[in-house]
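Open the structure in your viewer and follow the stops below in order. Each stop says what to select and what is there.

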Amino acid sequence: MGKLDGKIAIVTGAAQGIGNGSAKVLAKHGATVILVDFAESVADAAEEIRKMGLKADSRRVDVSKLEDVQKVVDDIVAQYGKVDILHNNAGVNRRVKFEDMDVKTLNFIFGVNIYGVWNMAKAVYPYMMKAGYGRIINTSSVTGTKVVDEGQTTYSMTKGAVSALTRALAYEAGPHGITVNAVLPGWVRTPKVEQVAADSRPEDPESALRDMASFIPLKRLCNIEEIGDLVAFLASDDAKYITGTEVIIDGGSTL
Ligand code: NAI
């Protein structure tokens, strides 16, 4: 018996990185996971999970487009009958100093990190309300609560917004049997973070990753499955009385 047996879970940004790790862990706990991403490779990511003998499907959509998101969620519910869990995870970042940030980039980051999260929650919410049950887990970031680097003003704003949405929606959703929580990772080893390391030290990205780890009390970056473990906990009955909470998972880096 898995702790998520029979559950239907949507994970956004699941083609790679944190969303991919979360999708695998939720599937291992028995959920049927629908991996959502705009990248074509999301179909392969779902296939990889099926090859593990677990239940997975995929849909391609740009989460910043509400109409498209609504169609995809309606289609998932038409096929699977319900949606129990949403891991609202797709997100983007552009490290640009404030003086160089332009409105186009700002709108792009807001589009995915704020509108995308709102759109997905908005699309699943009526189904969860009707069912009297739901688990929404948003991926925020420690960057939404602390300044950890320069070039992060826009990204920090969006993650602060995700955390605020989590609290405010948890307040409204509670009476409907829906919990809403956020996970706040520090450095997680994902393709995005590997790119940050490669950009900062093209001649030796691994040494840049080691330097990042040296500032973390646990002396290593988080791996994607560890975020998945936390998401699975928040999605499970073990966490049924937890709502509106932000769980930091950063190896102590923001202590
Ligand atoms: P990633 O860049 O490795 O993966 C993000 C995935 O989201 C990709 O598969 C991408 O195709 C998808 N995506 C991007 N825009 C999309 C859109 N408009 N519609 C649908 N899919 C879209 O990123 P990573 O590192 O896995 O990050 C995932 C989440 O975790 C993001 O919200 C990020 O802000 C957050 N985060 C990551 C940390 C890290 O150290 N990696 C730390 C704290 C938060």
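Start with the whole chain selected and coloured by burial: of the 255 residues of the protein, 50% count as buried, where buried means under 20% relative accessible area, exposed over 50%, and partly exposed in between (1.4 Å probe, protein chains only). This is a predicted model, in which local features need pLDDT of at least 70 and side-chain atom pairs count only at pLDDT 80 or more, while totals for chains, interfaces and linings use all residues. Residues are numbered from 1 along each chain as its sequence is written, and side-chain values use heavy atoms, with hydrogens and water left out.

Switch to a cartoon view next. The protein has 8 helices and 7 strands; helices (H or I, at least four residues) and strands (E, at least two) are DSSP runs, numbered from the N terminus.

Show the C-alpha trace and turn it. Along its principal axes the trace spans about 50 × 40 × 35 Å.

Now select strand β7, residues 246–249, and pick out Val 247 within it. Is Val 247 buried or exposed? Val 247 falls in between: it is partly exposed, with a relative accessible area of 22%.

Add the residues around Val 247. Leaving aside neighbours within four places in sequence, Val 247 is in contact with Ala 182, Val 183, Leu 184, Leu 230 and Leu 234, contact meaning heavy atoms within 4.5 Å.

For the last stop, select Thr 139 together with Val 247. Their C-alpha atoms are separated by 9.9 Å, and the two residues are 108 residues apart along the chain.
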